Amino acid sequence: MPSMASSNSSDAAKINQGTKSDFIPRRQKIEQHRKNLPIAAVEKRLLEEVSNNDVLIIVGETGSGKTTQLPQYLFNGGFCRNGGIIGITQPRRVAAVTVAKRVAEECGVPLGQKVGYAVRFDDVTSSSTRIKYMTDGLLLREALLDPYLTKYSVIIVDEAHERTVHTDVLLGLLKTVQKTRSQGASDMLNNDHSKAENSMLLAKENDGQCTNVEKHRRGKKLSPLKLIIMSASLDAKIFSEYFGGARAVHVQGRQYPVDMLYTYQPETDYIDAALITIFQIHLEEGPGDILVFLTGQEEIESIQRLVQERLPKLPESKRKLLVIPIFASLPSEKQMKVFMPAPIGFRKVILATNIAETSVTIPGIKYVVDPGMVKVRTYDASTGIEPLIIVKTSKAQALQRSGRAGREGPGKCYRLYPENEFYKLKDSTTPEIKRCNLSNVILQLKALGIDDIVGFDFLEEPDRMAIIKSMELLFLLGALTDESKLSDPVGHQMARLPLDPIYSKALIVASQFNCLEEMLIVVAMLSVESIFYAPREKLEESRTALRSFSSPEGDHLTLLNVYRASEEFFEKSKLVSGNEKAEKNLRKWCKENFINSRSLKHARDIHSQIRKNVEQMGLRVTSCGDDMLPLRRCLAASFFLNAALKQPDGTYRALSSGLMVQIHPSSVLFRMKPECIIFDELVRTNQNYVRNVTRIDFLWLAELAPQCYALQE
DNA sequence: GAGCACTGC
């Protein structure tokens with residue numbers, strides 16, 4: 001999503017409007033703005049609190065300025081003396097990038113010097129960076145190379161209340177790291193020998209960057225680490241208790257008041273209720289745009305149709321209502337429409353998924369309509385399926401939604417349920433770690449030297465069954481030994497790759513099958529959101545386009561063909577018209593071929609990253625040329641847990657779970673129905689569907705995955 | 001012959 005405003009960037013956008021000629025006033029304006037932030041009043045007190053407490057919880061409401069100001073206070077307060085870095089983690093890339101830009105401007109320095117950011121594919125830091133914004137997932141990756149995070153003197157975990165799986169794992173890690181660092185190096189080596197040793201060995205294996213660790217092993221004292229947890233909501237208690245009763249302070253926010261309105265009766269049909277409310281606001285309320293929270297694309301498109309059908313029935317003067325949908329899979333050009341001001345006299349009504357809760361801040365919103373429902377991913381440990389279900393929001397989520405009406409002035413929030421229903425809602429959303437597949441989490445923790453997963457001090461315990469299932473998967477993939485230790489080298493290599501464990505395994509196997517060149521592409525393509533884009537009105541055309549890439553062997557080879565065709569087009573275009581023009585031409589090529597260019601770009605980025613990764617690991621990147629047999633055998637050797645056999649009635653039986661499944665109609669093998677297949681993903685909608693399917697030979701399974709399919713004597 | 005919340009490495 002290019003240059004979208006994050007929740008923290010709307011102020012930055014306003015101040016950026018200055019030009020060179022008014023540079024001095026702009027600096028004064030920045031100073032003025034900084035002084036007026038609520039947090040500025042407590043700067044001195046915050047510095048004292050950080051000095052006196054190793055862990056500090058800051059509860060800061062929206063608009064307090066905590067994310068931009070606290071790092072600057074700490075820098076000026078001497079917390080970077082001796083070259084230490086202040087690291088601030090964010091759950092999202094846009095936030096890390098936009099806040100870093102803003103803070104660099106406030107400091108009057110070029111981005112990447114004193115102030116910088118690091119997110120996947122994009123590192124804008126240098127040796128002089130002292131205030132570093134980053135994603136929490138990236139800091140976790142850094143910990144694999146530098147287990148004690150020795151570069152950092154302070155780590156601030158921002159937006160901790162969102163409880164992403166990365167934030168939760170990071171907090172667990174930081175708790176251990178802080179303990180170790182405050183004990184000092186000598187204690188560390190004596191009392192915590194095995195754990196420390198394990199991580200260090202890993203750091204050494206991973207690459208040469210273990211100089212810091214080596215230094216400390218020679219007995220130099222590790223400096224203590226300051227930890228600050230920032231949360232926007234009521235739940236400071238859970239963080240405080242987790243860190244042994246850590247001190248929590250509250251910083252006031254700055255929000256306009258939002259009037260809360262409820263229905264008298266529960267609504268049986270929230271779509272209809274939302275529709276009525278939209279028109280009620282439009283006809284009876286003053287100017288201001290409307291934001292409606294819905295659960296998905298289908299709901300959004302149906303309300304969009306309904307509004308447009310009813311508009312002509314209104315008196316001519318009342319028809320100036322502009323409906324704009326926004327959801328993540330919408331092409332970026334269409335997403336940008338939410339930022340364009342409506343024509344004069346028009347009111348915008350934005351129909352959004354929860355992308356508008358945190359990821360995108362839409363200006364001009366005065367009215368929020370909240371039916372109180374949300375679509376969430378869940379995890380069923382017994383089948384491994386992760387179905388999407390529609391559930392009620394939590395209180396915290398409802399508050400977050402209503403807050404979207406009070407950013408620029410007083411607003412109104414229409415909750416489409418009675419007030420007493422609000423009090424029955426759960427306080428906060430179930431943290432992600434309790435509803436996701438844990439194989440990656442376990443792989444990371446093991447790589448950090450934490451072997452006892454069940455005994456690990458999680459902020460909140462994941463389900464025991466989910467841990468066992470994920471360990472089982474890792475064992476079958478060969479990442480864990482019989483003693484549940486990370487295997488050498490496979491487990492360590494898998495932990496190092498930023499991919500789903502099955503994909504990592506596929507790369508490692510591919511280097512032995514001499515088709516790593518091809519598998520890097522397949523894995524990159526599987527790692528992104530749907531590559532094909534089929535608008536309803538051009539279904540036939542998009543099918544024809546797909547046919548030119550499709551392989552009779554299945555979807556994996558089809559994806560390979562798409563990538564290669566795009567690459568060939570791009571290289572040719574580069575020769576003729578140069579790099580920048582070629583990028584533009586590639587986007588056009590995508591459009592003509594009904595390919596999502598954002599997804600393809602993402603796949604290209606992942607491809608170049610994992611190619612570097614496997615080269616650094618010393619894997620041989622060779623190609624199988626035109627012979628696709630090794631590649632299919634390699635897919636069988638890594639996706640063996642996702643194998644299925646055709647039944648007499650034409651459906652399939654998934655071999656590891658016993659579930660009855662069908663090939664998804666979007667697959668190139670939908671009609672061909674080969675005897676035996678492997679698949680990438682099992683999704684449950686009206687039926688069980690398998691997506692991204694490749695034809696294999698049943699006998700390969702016993703040969704290549706005897707741990708699962710040993711032939712009976 | 002089907003429809004997919006949102007992030008992140």
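# A chat about helices and a DNA strand

Visitor: How far apart are the end C-alpha atoms of residues 275-449?
Guide: We're looking at a predicted model, so take this as a computed value. The span is 30% helix and 22% strand. From one end C-alpha atom of residues 275-449 to the other is 54 Å.

Visitor: What name does UniProt list for residues 275-449?
Guide: This one comes from a record rather than from the atoms, and the UniProt entry is unreviewed. For residues 275-449, the entry gives "domain: Helicase C-terminal".

Visitor: Which residues come nearest to DNA strand B?
Guide: There are 35 residues around DNA strand B. By class they split into 13 nonpolar, 15 polar and seven charged. Helices H5 (93-107), H6 (136-145) and H13 (297-310) each supply at least two of them, and so does strand S14 (373-377). The ones that come nearest are Gly137, Gly296, Ala328, Arg377 and Thr685.

Visitor: Is H20 parallel, antiparallel, perpendicular or oblique to H26?
Guide: Start with the angle: helix H20 (residues 501-512) packs on helix H26 (residues 629-638) at about 135°, and the axes are 9 Å apart. An angle counts as roughly antiparallel over 145 degrees, and as roughly perpendicular from 65 to 115. The angle here fits neither of those, so H20 relative to H26 is oblique.

Visitor: What residues of H26 make the contact with H20?
Guide: H20 passes H26 in a right-handed crossing. On the H20 side, the contact is made by Ile502, Lys505, Ala506, Val509 and Ala510. Counting both helices, the contact has seven nonpolar residues, one polar and one charged. From H26 come Cys634, Leu635, Ala637 and Ser638.

Visitor: Is H20 parallel or antiparallel to H21?
Guide: The axes of H20 and helix H21 (residues 516-526) come within 8 Å and cross at roughly 170°. Angles over 145 degrees count as roughly antiparallel. So H20 and H21 are roughly antiparallel.

Visitor: How many nonpolar residues are in the contact of H20 with H21?
Guide: H20 brings Tyr503, Ala506, Leu507, Ala510 and Ser511, while H21 brings Leu516, Met519, Leu520, Val523 and Leu526. One residue of this contact is polar and none is charged. The nonpolar count is nine.

Visitor: Are H3 and H4 parallel or perpendicular to each other?
Guide: Helix H3 (residues 43-52) and helix H4 (residues 66-76) have axes that come within 10 Å and cross at roughly 70°. An angle from 65 to 115 degrees counts as roughly perpendicular. So H3 and H4 are roughly perpendicular.

Visitor: Which residues of H4 make the contact with H3?
Guide: The crossing of H3 and H4 is right-handed. H3 puts in Glu43, Leu46, Leu47 and Val50. By class, the whole contact has six nonpolar residues, no polar ones and one charged. The H4 residues are Leu70, Tyr73 and Leu74.

Visitor: Is the peptide bond from aspartate 488 to proline 489 cis or trans?
Guide: Proline 489 lies in the loop between helix H18 (464-476) and helix H19 (490-496). The omega of this bond is near 5°. The bond from aspartate 488 to proline 489 is cis.

Visitor: What is the phi of phenylalanine 594?
Guide: Phenylalanine 594 is found in the loop between helix H24 (579-592) and helix H25 (597-616). Although this residue is not a glycine, its phi is positive, at about 55°.

Key: Residues are numbered from 1 along each chain as its sequence is written. Chains are lettered from A and ligands numbered from 1 in the order in which they are written. This is a predicted model: local features need pLDDT of at least 70, side-chain atom pairs count only at pLDDT 80 or more; totals for chains, interfaces and linings use all residues. A residue is near a molecule or strand if its C-beta atom, placed from the backbone, lies within 6 Å of it. Helices (H or I, at least four residues) and strands (E, at least two) are DSSP runs, numbered from the N terminus. Ala, Val, Leu, Ile, Met, Phe, Trp, Tyr, Cys and Pro count as nonpolar, Asp, Glu, Lys and Arg as charged, and the others, Gly among them, as polar. UniProt positions are given in the numbering used here, feature names are shortened, and annotations may be inferred rather than shown by experiment. Axes are lines fitted to C-alpha atoms, for helices over the stretch in contact, and angles run from 0 to 180 degrees between N-to-C directions. Angles under 35 degrees count as roughly parallel, over 145 as roughly antiparallel, 65 to 115 as roughly perpendicular and the rest as oblique. A crossing is left-handed if the near helix is turned anticlockwise from the far one by less than a right angle, and right-handed if clockwise. Two residues are in contact if their C-beta atoms, placed from the backbone, lie within 7 Å.
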